[in-house]
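Please look over the chain shown below before reading on. The paragraphs that follow go from a term about exposure to the overall form, and then to the charged and nonpolar side chains.

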Amino acid sequence: DSAHYFDKTQEVRAYGNVHITKDDINLFCDSLYYNGKTKKAKLWGHVRVRDLEYKLTTDTLEYDAKKSQGIYRHGGKVESIVSNEVLTSRIGYFYPESRSFFFSGKVNYKNNDLTMTTDTLQYIYAKQTTYFFGPTKIKKGKTNMYCEKGWFNIETEEGSLLKNASIIEESKTIKGDTLLYQPKLGLSIGKGNVYFKDTSQAMEFQGDYAKYSEKEFYSFITGHALAVKIQEKDTIYIHADTL
């Protein structure tokens, strides 16, 4: 609606219905400060950023046109235009050219029946892969996962869970230092201090390495392997190198 341009310093201050375009990116806000020398801008009030795939809303945004990088520090919401993805966080960095995001502080992600809560999350949209770097809870349908580091692919639903990792799916629980999850193959692999429990069969297993195939109804465990069968009045322990 109104703007002040300072020729010597190449600065712009704009007020009311501000709209900026750069390539496929559109930025909207109530007021703007832009430095033409540094190519940096600051946007205030009802800030919205849109490209061909995502929409970001926040109250304040810093944008570096030279680096093609945007930062919000006081809470923001990212929504996909082409799917049901919604993500909120306290701090967020987005890089339109590389199609990636980095979020921290109470990060919540939701897409249909998939939810993720963590403190730090990197999302590479081109690969449909999220990377987390702190205590993380993932829920997909009836499956609950936990880890403190790892990655998860939104499209294939495959993941690698590290540090105090666990996967709980109805009557089955698997824990370990590292868990590899491939649900479309019905496969879970555990490495290091593996613990597997099936309450429907009243069975527990421990070992250094384990493989569980849901489709084949088959479990394999090796390295200091221990099987525990819980009965009504007794418990059977079976020790072996491989079970």
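A residue is called buried when its relative accessible area is under 20%, exposed when that area is over 50%, and partly exposed in between. Because the relative accessible area of Ile 238 is 41%, this residue is partly exposed. Ile 238 belongs to strand β21, which covers residues 235-242, and together with Ile 236 and Leu 243 it makes up a nonpolar surface patch whose joint accessible area is about 220 Å². The coordinates come from a predicted model, and every value quoted here should be read with that in mind.

Turning to the chain as a whole, the secondary structure consists of 21 strands and 0 helices. Along the principal axes, the C-alpha atoms occupy a box of roughly 85 × 25 × 25 Å. The radius of gyration is 24 Å, whereas a compact globule of 243 residues would have a value near 18 Å. Of the 243 residues in the chain, 42% are buried. Some sense of the distances involved is given by Gln 69 and Lys 229, which are separated by 160 residues in sequence and by 56 Å in space, C-alpha to C-alpha. Gln 69 sits in strand β6 and is counted as buried because its relative accessible area is 16%.

The charged side chains can be taken next. The structure contains 5 salt bridges, and one of them joins the side chains of Glu 62 and Arg 73, with an N to O distance of 3.0 Å. Glu 62 is in strand β5 (residues 54-64) while Arg 73 is in the loop between β6 (69-72) and β7 (76-80), so this pair ties together parts that are 11 residues apart in sequence. What degree of exposure do Glu 62 and Arg 73 have? Glu 62 counts as partly exposed because its relative accessibility is 28%, and Arg 73 also counts as partly exposed, at 37%.

A further group of charges is centred on Lys 140 in this account. The side chain of Lys 140 meets that of Asp 113 in a salt bridge of 2.8 Å, N to O. This pair links distant parts of the chain, 27 residues apart, with Lys 140 in strand β13 (residues 136-140) and Asp 113 in the loop between β10 (100-111) and β11 (114-124). Lys 140 also forms a salt bridge with Glu 157, where the closest N and O atoms are 3.3 Å apart. Here too the pair links distant parts of the chain, since Glu 157 lies in the loop between β15 (149-153) and β16 (159-169), 17 residues away from Lys 140. Through these shared partners, the salt bridges join Asp 113, Lys 140 and Glu 157 into one network. Within this network, Lys 140 and Glu 157 are both buried, whereas Asp 113 is partly exposed because its relative accessible area is 39%.

There is also a patch of positive charge on the surface, in which Lys 39, Lys 40, Lys 66 and Lys 67 gather. Lys 40 is placed in strand β4, residues 40-50, and counts as partly exposed because its relative accessibility is 46%. The reader may wish to set this positive patch beside the nonpolar patch of Ile 236, Ile 238 and Leu 243 when viewing the surface of the model.

Technical notes: Residues are numbered from 1 along each chain as its sequence is written. This is a predicted model: local features need pLDDT of at least 70, side-chain atom pairs count only at pLDDT 80 or more; totals for chains, interfaces and linings use all residues. Side-chain values use heavy atoms; hydrogens and water are left out. Patches are made of residues with over 30% relative accessible area and no salt bridge: like charges are joined within 9 Å, nonpolar side chains (Val, Leu, Ile, Met, Phe, Trp, Tyr) within 5 Å. Accessible areas come from the Shrake-Rupley method with a 1.4 Å probe; for residues, only the protein chains shown count as cover. A salt bridge is a side-chain nitrogen of Lys or Arg within 4 Å of a carboxyl oxygen of Asp or Glu. Lys and Arg count as positive and Asp and Glu as negative; His and the chain ends are not counted. The place of a charge is taken as NZ of Lys, CZ of Arg, CG of Asp or CD of Glu. Helices (H or I, at least four residues) and strands (E, at least two) are DSSP runs, numbered from the N terminus. Buried means under 20% relative accessible area, exposed over 50%, partly exposed in between (1.4 Å probe, protein chains only). The radius of gyration is taken over C-alpha atoms; the globule rule is 2.2 Å times the number of residues to the power 0.38.
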